[in-house]
Amino acid sequence: MSFDDFKLHPSLGRAIKALNFEQPTPIQEKTIPLAMAGHDVLGCAQTGSGKTLAFVLPMLHHMLNNHRNGLRGLVLVPTRELAAQVAETVREAGRFTRYKAAVVIGGVNINPQKKAVTAAQILVATPGRLLDHLRQRSFRLRQVEQLVIDEADRMFDMGFLPDVRALILQVNHARQTHLFSATLNPEVRRIADFALRDPRRVDIPNPGGVAEGISMTLYPVRQKQKADFLLQLLKSGRMRSVLVFTRTKHRANKLAQDLAKNKYRVGVLHSNRSQNQRTIAMDAFRRKEIQVLVATDIAARGIDVEKISHVVNFDVPLVPGDYIHRVGRTARARGVGEALTLMDQSEEKLIKSIECLVKCSFPRRKLDGFKYAGNSPAPVVKTNRPTAQALARQRRILRADRGERAGKKNPHDAAKNPWQRRSAKRRRAEKRKPAGDRL
Ligand code: AMP
């Protein structure tokens with residue numbers, strides 16, 4: 001199948017040629033005809049599948065065939081980085097049209113956004129800031145006739161679904177709506193039922209899977225040695241553009257410092273960084289001015305950077321689905337890439353759930369030349385049953401992890417001194433913040 005078969009407006013055909021896209025990706029092949037025929041679409045697709053263009057092309061096609069002024073398309077996304085990328089896709093696909101995209105995201109001055117929205121026909125927004133604008137009556141969404149809810153599962157993870165629901169109610173009732181999500185949990189289904197009318201469902205063949213071009217390896221290594229281990233990996237010289245995921249903002253900062261001390265060009269991306277810092281880090285990474293970008297899950301969601309050679313899971317993700325999102329940052333658009341996971345013994349259970357999800361078991365490797373701590377090297381293949389002591393330790397760590405995520409006080413953080421008491425209190429306060437604030 002070729003893009004010509006869609007019979008898109010000629011100016012879109014020109015843009016696709018200019019982008020050098022020869023053939024639609026599977027999600028585009030299925031979604032574009034349905035959307036052009038006026039159906040609502042429920043798409044199960046992950047980033048990297050080409051889903052942005054799958055909704056941007058029909059949106060522009062519809063606008064080109066039904067000229068009208070004002071704000072006509074709205075794309076809701078969970079993160080600021082993804083907003084910038086979707087807007088860029090609109091600009092690229094719409095370069096031979098008069099339609100413009102505006103971006104509305106938090107963390108930057110609200111006032112210039114009002115002006116930008118007045119001049120735009122398509123708005124790409126994160127939910128919180130868009131609600132702020134509506135409360136201030138900067139503009140209205142009544143004229144919006146094309147609505148896209150992108151990465152709905154991540155909207156749920158970040159606690160945005162109530163905001164999304166409020167926003168849907170503000171959009172023209174006679175609209176066309178598409179919802180995309182990598183996974184369909186009950187909450188996403190509920191919002192899909194609320195937003196979509198008689199939707200056509202589109203599943204790409206392997207929605208929970210990992211792109212074919214990604215080779216995945218597991219390196220068992222003790223927690224305390226992970227930074228040294230990563231440094232040793234980087235020494236190989238093969239890792240040209242590396243995205244490293246840590247579980248927390250604190251660990252991201254600490255690791256970035258360690259790498260910088262060793263003269264690596266490194267950037268950090270997490271929600272405590274200002275929008276300006278995040279943009280600078282992303283741009284430098286994109287231009288390959290920095291070799292390593294250390295990020296937390298939510299900040300890195302949807303990052304579309306060409307030629308990321310390696311994704312490193314410095315910490316194994318607590319949510320198995322996050323593994324798919326993380327490794328999907330490499331091997332974009334049918335490319336190749338490597339995903340390396342550093343696994344402490346305490347993370348073995350998490351790896352099992354991930355292997356279950358991606359339906360394969362990762363090859364376990366030892367790194368030649370690395371001095372593993374202790375008497376025994378890292379367990380390459382586990383043959384012995386873990387001792388009762390090790391199991392108890394693993395359970396304790398998992399409990400502590402879970403407690404920390406849920407913001408619960410756990411016995412291992414127990415307030416033995418005032419400093420620890422304060423930190424337990426702070427964690428409880430964290431619970432009240434949405435996930436985005438933690439990551
Ligand atoms: P997305 O899943 O929308 O984030 O897209 C992932 C990447 O695929 C982006 O860099 C797009 O520019 C690229 N892409 C989208 N459609 C195609 C296509 N038909 N052929 C080649 N690359 C594409």
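Helices, in the sense used here, are DSSP runs of at least four residues, and they are numbered from the N terminus. By that rule helix H6 covers residues 127-135, and Asp 132 and Arg 129 both lie in it, 3 residues apart, which is about one turn of the helix. The structure is a predicted model, and its protein chain comes to 18 helices and 13 strands. Of the 439 residues of that chain, 52% count as buried. Among contacts between residues at least 6 apart in sequence, 74% join residues at least 24 apart.

**Salt bridges within single helices**

- The structure holds 22 salt bridges, and the examples that follow include pairs placed within one helix.
- In helix H6, the side chains of Asp 132 and Arg 129 meet in a salt bridge, with 3.9 Å from N to O. Asp 132 has a relative accessible area of 30% and is therefore partly exposed, whereas Arg 129, at 13% relative accessibility, counts as buried, because buried means under 20% relative accessible area.
- In helix H4, which spans residues 80-93, Glu 88 and Arg 91 are 3 residues apart, so about one helical turn separates them. Their side chains meet in a salt bridge with an N to O distance of 3.4 Å. Glu 88 counts as partly exposed at 36% relative accessibility, and Arg 91 is also partly exposed, with a relative accessible area of 41%.
- In helix H12, which spans residues 275-286, Arg 286 and Asp 283 are likewise 3 residues apart, so they are separated by about one helical turn. The salt bridge between their side chains has an N to O distance of 3.9 Å. Arg 286 counts as partly exposed at 35% relative accessibility, and Asp 283 is partly exposed as well, with a relative accessible area of 30%.

**A network of salt bridges**

- Salt bridges can also be followed through a group of residues, for Lys 226, Arg 247, Arg 251, Asp 315 and Glu 347 are linked in a network of them.

**Two packed helices**

- Two packed helices are described by the angle between their axes and by the distance between those axes.
- Helix H1, residues 10-19, packs with helix H3, residues 51-65, at an angle of about 145 degrees, and their axes are 9 Å apart. On the side of H1 the contact is made by Ser 11, Leu 12 and Ile 16, while H3 contributes Leu 57, Leu 60, His 61 and Leu 64. Sorted by class, this contact of H1 with H3 has 5 nonpolar and 2 polar residues, and no charged residues.

**Around the ligand**

- There are 16 residues around the ligand, and of these Gln 23, Gln 28, Gly 48, Gly 50 and Thr 52 come nearest.
- Gln 23 and Gly 50 approach the ligand with backbone atoms: a backbone N or O atom of Gln 23 lies 2.8 Å from a nitrogen atom of the ligand, and a polar backbone atom of Gly 50 is 2.7 Å from an oxygen atom of the ligand.
- For Thr 52 the contact involves the side chain, since one of its polar side-chain atoms lies 2.5 Å from an oxygen atom of the ligand.

Key
Residues numbered from 1 in each chain as written. Predicted model: local features only at pLDDT ≥ 70, side-chain atom pairs only at ≥ 80, totals over all residues. Heavy atoms only, no water. Salt bridge = Lys/Arg side-chain N within 4 Å of Asp/Glu carboxyl O. Helix = DSSP H or I, 4+ residues; strand = E, 2+ residues; numbered from the N terminus. Buried < 20%, exposed > 50% of the residue type's maximum accessible area, 1.4 Å probe, protein only. Axes fitted to C-alpha atoms, helices over the stretch in contact; angles between N-to-C directions. Contact = heavy atoms within 4.5 Å. Nonpolar A, V, L, I, M, F, W, Y, C, P; charged D, E, K, R; others polar. Near = heavy atom within 4 Å. Polar contact = N/O pair within 3.5 Å; in protein donor to acceptor, adjacent residues only side chain to side chain.
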